[in-house]
Amino acid sequence: MIERLFKKFCGNKILVVIAKAAAMVVPPLGRLKKYRNILASSYSIGFQQTIVKNNPIRVLIAPISICNYKCLFCEIHKDNLLYPDRTKNVVDLSIIKNYESFLSFCYKLNFSGGTEEPLLNKHFGEIAKYLKQKYGIRMMVNTNASMLKRNLADTLINCGFDSVLVSYHAGSKEKYKELMTGNIDVVDENLKYLKEQKELKNATRPVIKFNFALHKLNADEYPFILQKAKLLGVTEVIINKYYGGRNRLQDKRVSFDYDIDEGNRVLDDIYSSAKNDDINLSPPRPQYWTKDKSNWDSENFNASKKCPLPWTDYTFLKH
Ligand SMILES: C[S@@+](CC[C@H](N)C(=O)[O-])C[C@H]1O[C@@H](n2cnc3c(N)ncnc32)[C@H](O)[C@@H]1O
Ligand code: SF4
């Protein structure tokens with residue numbers, strides 16, 4: 001919602017000129033830095049400047065480079081094969097302080113990316129607390145939630161951490177074990193505690209969302225996933241699509257790209273079931289599979305198309 005408003009704002013030349021002037025009078029101090037940066041970046045975006053004067057408004061950091069799961073659909077298998085002895089690359093508070101020159105300007109920080117489990121990083125709570133208290137950065141983490149233990153849940157609630165996106169690609173114990181290789185009871189227990197503590201403390205954050213990437217092997221799981229979403233106080237279930245990759249399913253043609261009609265029927269079932277149970281889905285309406293060629297298809301590629309947007313995001317991944 002905020003992102004959509006910002007995009008609209010950036011499309012209005014008069015508003016972005018005013019924003020740039022306003023940025024010049026906002027002092028670059030403490031939490032004000034990020035608002036100054038947003039105002040300045042709206043001008044860079046609005047006028048499609050290729051060289052931007054602002055700092056990144058969104059940053060993505062993978063705070064570690066290992067995972068405790070081996071989900072069949074994930075490229076972790078490729079990474080484990082190519083880089084079996086990779087370093088853990090643990091980001092701690094001293095590294096975060098070293099990044100402060102741009103983090104202090106950042107509006108939104110995502111702890112995600114790559115094939116890793118952010119909450120295996122034992123400094124996670126300390127980092128979240130520091131960045132929230134000092135800069136009030138909006139933060140989100142994409143996690144399997146197996147390590148979202150009580151201490152960490154308490155810290156995230158107390159510091160006002162914004163959003164936890166839980167990978168939840170199966171809802172039954174057996175299918176979860178088969179596809180995600182972990183124990184769903186541990187995850188559910190962690191989320192239950194988080195929900196209870198939020199209620200006790202009258203806290204609205206962190207909001208919990210589920211990420212459900214649909215394919216042929218987990219299509220039957222949606223009733224369990226929706227049921228768990230309701231039980232565990234999940235605000236939104238994101239209906240995604242399995243995107244393939246170099247993983248354990250790569251030769252199995254599990255994507256509904258190979259059976260569009262069946263995929264769209266499952267999508268209809270999911271959306272009607274969620275409507276009956278009053279569960280929010282994102283996107284709010286089904287994004288159907290179509291027979292159209294994607295715009296990155298080599299035969300359908302527009303080579304003269306230029307990206308009109310300046311650099312606004314910064315990504316920190318490593319191996
Ligand atoms: C690679 S994970 C990293 C974060 C964390 N370990 C987790 O699973 O949430 C980033 C997101 O991509 C999803 N993902 C991984 N492989 C996928 C695939 N082939 N298709 C669709 N989503 C996938 C994961 O479930 C997760 O939500
Ligand atoms: S999807 Fe996430 S939890 Fe599963 S193996 Fe990949 S990085 Fe680990």
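These are my notebook entries on a predicted model, covering its two ligands, some helix packing and a few single residues.

**Entry 1: ligand 1**

I began with ligand 1 and asked which residues come nearest to it. They are Phe73, Cys74, Ser167, Ala213 and Tyr243, out of 18 residues around the ligand. Sorting that shell by class, I noted ten polar, six nonpolar and two charged residues. I also looked up where strands take part. Strand S3, running over 138–143, gives the shell at least two residues, and so does strand S5, at 207–214.

**Entry 2: ligand 2**

Next I turned to ligand 2 and listed its surroundings. From the earlier part of the chain I wrote down Cys67, Tyr69, Lys70, Cys71, Cys74 and Ile76, among others. Further along, the list includes Thr115, Glu116, Glu117, Asn144, Ser167 and Met180. By class this shell holds six nonpolar, three polar and three charged residues. I was pleased to spot two familiar names: Cys74 and Ser167 are in the shell of ligand 2, and they are also among the residues that come nearest to ligand 1.

**Entry 3: H2 and H3**

For helices I kept one reminder on the page: a packed pair is described by the angle between the axes and the distance between them. How are H2 and H3 placed, by angle and by axis distance? Helix H2 (residues 13–25) packs with helix H3 (residues 32–46) at about 140 degrees, and the axes are 8 Å apart. Their crossing is left-handed. On the H2 side I found Lys13, Val16, Val17, Ala19, Lys20, Ala22 and Ala23. They meet Arg36, Leu39, Ala40, Ser42, Tyr43 and Gly46 of H3. Eight of the residues in this contact are nonpolar, two are polar and three are charged.

**Entry 4: Ile14**

I stayed with H2 for a moment, since Ile14 lies in this helix. Is Ile14 buried or exposed? It is exposed, because I find 8 other C-beta atoms within 10 Å of its own, and 12 or fewer counts as exposed. I then checked Ile14 against Asp278, 264 residues away along the chain: their C-alpha atoms are separated by 41 Å.

**Entry 5: H8, H9 and H10**

Helix H9 covers residues 173–180, and its Tyr176, Leu179 and Met180 are buried. Why do they line one face of the helix? Looking down the axis of H9, the buried residues fall within an arc of 80 degrees, so they share one face. They pack against helix H10, residues 184–200. Met180 also turned up in my list around ligand 2. Just after H9 comes Thr181, with a positive phi of about 65 degrees.

H10 has a contact with H8 (residues 150–159) as well; here the angle is about 35 degrees and the axes are 10 Å apart. I noted this crossing as right-handed. From H8, Arg150, Ala153, Asp154 and Ile157 meet Asn190, Tyr193, Leu194, Gln197 and Lys198 of H10. The contact divides into four nonpolar, two polar and three charged residues.

**Entry 6: Thr143**

My last stop was Thr143, which lies in strand S3, one of the strands supplying the shell of ligand 1. Thr143 is buried because 23 other C-beta atoms lie within 10 Å, where 20 or more is the cut-off. Which residues does Thr143 contact, beyond its neighbours within four places in sequence? I wrote down Glu117, Pro118, Leu119, Leu148, Val164 and Val166. Glu117 is in the shell of ligand 2 too. Finally, the C-alpha atoms of Thr143 and Ile239 are separated by 16 Å, with their places 96 residues apart along the chain.

Conventions. Residues numbered from 1 in each chain as written. Chains lettered and ligands numbered in written order. Predicted model: local features only at pLDDT ≥ 70, side-chain atom pairs only at ≥ 80, totals over all residues. Near = placed C-beta within 6 Å. Nonpolar A, V, L, I, M, F, W, Y, C, P; charged D, E, K, R; others polar. Helix = DSSP H or I, 4+ residues; strand = E, 2+ residues; numbered from the N terminus. Axes fitted to C-alpha atoms, helices over the stretch in contact; angles between N-to-C directions. Left-handed = near helix turned anticlockwise from the far one by under 90°. Contact = placed C-beta atoms within 7 Å. Arc of directions from axis to C-beta.
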